[in-house]
Amino acid sequence: MAQRGSGRGNDYQRQQQALRRAQEQRARQAERERKAAETASKRQERERKAAYQEQQAEQAQVRTIGVEHEVEQLGQLLRNALIGDPPTTFERRRRTHTPRKLDERPWSRPEPSPRWEEFAPPEPGGLAAVLGLGRKRYEAEVAEARARFGEAQDRHRRAEAKRLATLERKRAEHRQAEAQALDEVATFNRKLDEEREAYRAGEPAAVEAHLGAVLDASVYPVGFPHEHRIAFRPATGDVLVEIHLPPEAIVPTARGYRYVKNRDETIVLPRPEKERKEIYASVLAQVALRTVHEVLTSDPDRVVNGVILNGHVKTIDRATGQEVSPCLVTLSASREQFGKLRLSQVDPAQCLRGLNALVSPNPYDLEPIRPIVEFDLSKYRLMDSMDVVAGLDSRPVLVKLTPTEFEHAWNTQASKDEGVDAVAVSKDPVFNGECIIQAKRYSKLVGVESVQALAGVVEHKRAAKGVLITTSWFGRASHDFARQHGRLQLIEEPELKYLIKEHLGKDVIPGPVPPKRRPSR
């Protein structure tokens, strides 16, 4: 008996030991699994962090590449214009009409006609048919079915008539639309041909319209303005072009971007100020040269003999917060002079200096310069003016005004005025001073001696500027003298008409058309 008890005790102990071992084994397994999960979690966190950092670094690299691309575009502005054809030509402006085919499918398929079989009632069968039972009821059902069948046929006929009428109406509308489109194309091309002939004849409106279309079609990077004004002087063959230049903000302030891991931050690598200024000066030079190039290469009949360009930038004055439009580039180049340039090889800024262009010494700081030729007198306040034009009939002919009436339109003073017809005070803080204005109601060429006389008055009066206005035109010698003097502005009949329209709201006929200048070949 003692041995049996001892055996049962040993079995119990063995069971307990086996149970403890199993528990310890499960605990060790759970610990291993916990550590494995913790290790996997840490690995996943490291992988997630590494992936995040790699993504941030890639984004910084992408932004850097984007900035580099922007700067590369800014350096290719002139070169891009030298590749291929001009932005547009008369031939490329022509329109063509591609006939459109009418999609008749919605109205081309008739609805299926009603079939009697779909309406006919079943005939009596079996014994009822032999005995003639239900015959009357069947005949009544047939009569009702024929009535419904007839109504369905009427509806089908009406629907078919409507479908065919709609189809014919759509065809007629399509033919009318096609005829109208053809007529519009023909009308546009006919007017374009008339404009082409007027362009060959050197008519200012046609020349200005075509060159305006050329500059409108010129493709620049995003953020570049497309505003411009154009005036053509047929007497000299010069085109006056005023363009809006891009602001200094067009140059990226960042050279690149870099992701810093230990700070989890993307930092900006600033572009040095000296480099920004150099890039901006190059942009302005490229835009100026490119504009002159596009004007001259888009002139197939060589009507244009030279280009006078003013480049303004519309921005906010940092000192006053007011909107300003300082002139940063101005140049005058003849076709012959510009044609000798190899634009693909030039340094834009040095090329402008070679053309004797006037460039702002500090364009990035918007330091203005005086334009060679100004488009209007909006910076001048006329004093004690007599509104002659407002009292005249519609579209007065300026050359038919008396000299006193014409001069009063520009604030004539009393006689014995030493040739001074008006005195204006400049509101320009840079070019502040008196402006001497003379008005010449001529029907022929205004001689250079009139321009020289005005220069003498400007010097005698110590005025800041002299303006000579005429209903006719000036010769090249007059324009050359005015440019060399630096403080003279000549306004001839196309500009005069524009100024009266813009500032007085009057449509006038300035005067005679200057003789056609023989195009240079």
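This is a short chat about aromatic rings and backbone angles in a predicted model.

Q: How many aromatic pairs does the structure hold?
A: The predicted model holds five aromatic pairs, and one of them is formed by tyrosine 280 and tyrosine 364, which meet edge-to-face with 5.9 Å from centre to centre and 85° between the planes.

Q: Why edge-to-face for tyrosine 280 and tyrosine 364?
A: Their planes are 85° apart, and the pair counts as edge-to-face because the angle is over 60 degrees.

Q: Where in the chain do those two sit?
A: Tyrosine 280 belongs to helix 8 (residues 273-297), whereas tyrosine 364 lies in the loop between strand 9 and strand 10, so the pair links distant parts of the chain, 84 residues apart.

Q: And are they buried or exposed?
A: Both tyrosine 280 and tyrosine 364 are buried.

Q: Switching to charges, which ring does arginine 146 sit over?
A: The charged end of arginine 146 sits over the ring of tryptophan 116, 4.5 Å from its centre, and Trp116 also forms one aromatic cluster with Phe119 and Phe149.

Q: What about arginine 63?
A: Arginine 63 lies over the face of tyrosine 257, at 3.9 Å from the ring centre.

Q: New topic: what is the phi of leucine 366?
A: Phi of leucine 366 is near 60°, which is a positive value in a residue other than glycine, and leucine 366 is found in the loop between strand 9 and strand 10 (380-382).

Q: Is asparagine 356 buried or exposed, and what about leucine 366?
A: Asparagine 356, which has a positive phi of about 60°, is exposed with a relative accessible area of 62%, while leucine 366 counts as buried at 11% relative accessibility.

Terms used
Residues are numbered from 1 along each chain as its sequence is written. This is a predicted model: local features need pLDDT of at least 70, side-chain atom pairs count only at pLDDT 80 or more; totals for chains, interfaces and linings use all residues. Side-chain values use heavy atoms; hydrogens and water are left out. Buried means under 20% relative accessible area, exposed over 50%, partly exposed in between (1.4 Å probe, protein chains only). Helices (H or I, at least four residues) and strands (E, at least two) are DSSP runs, numbered from the N terminus. Rings of Phe, Tyr and Trp (its six-membered ring) pair if their centres lie within 6.5 Å; planes under 30 degrees apart count as stacked, over 60 as edge-to-face and the rest as tilted. A charge sits over a ring if NZ of Lys or CZ of Arg is within 6 Å of the ring centre and within 35 degrees of the ring normal.
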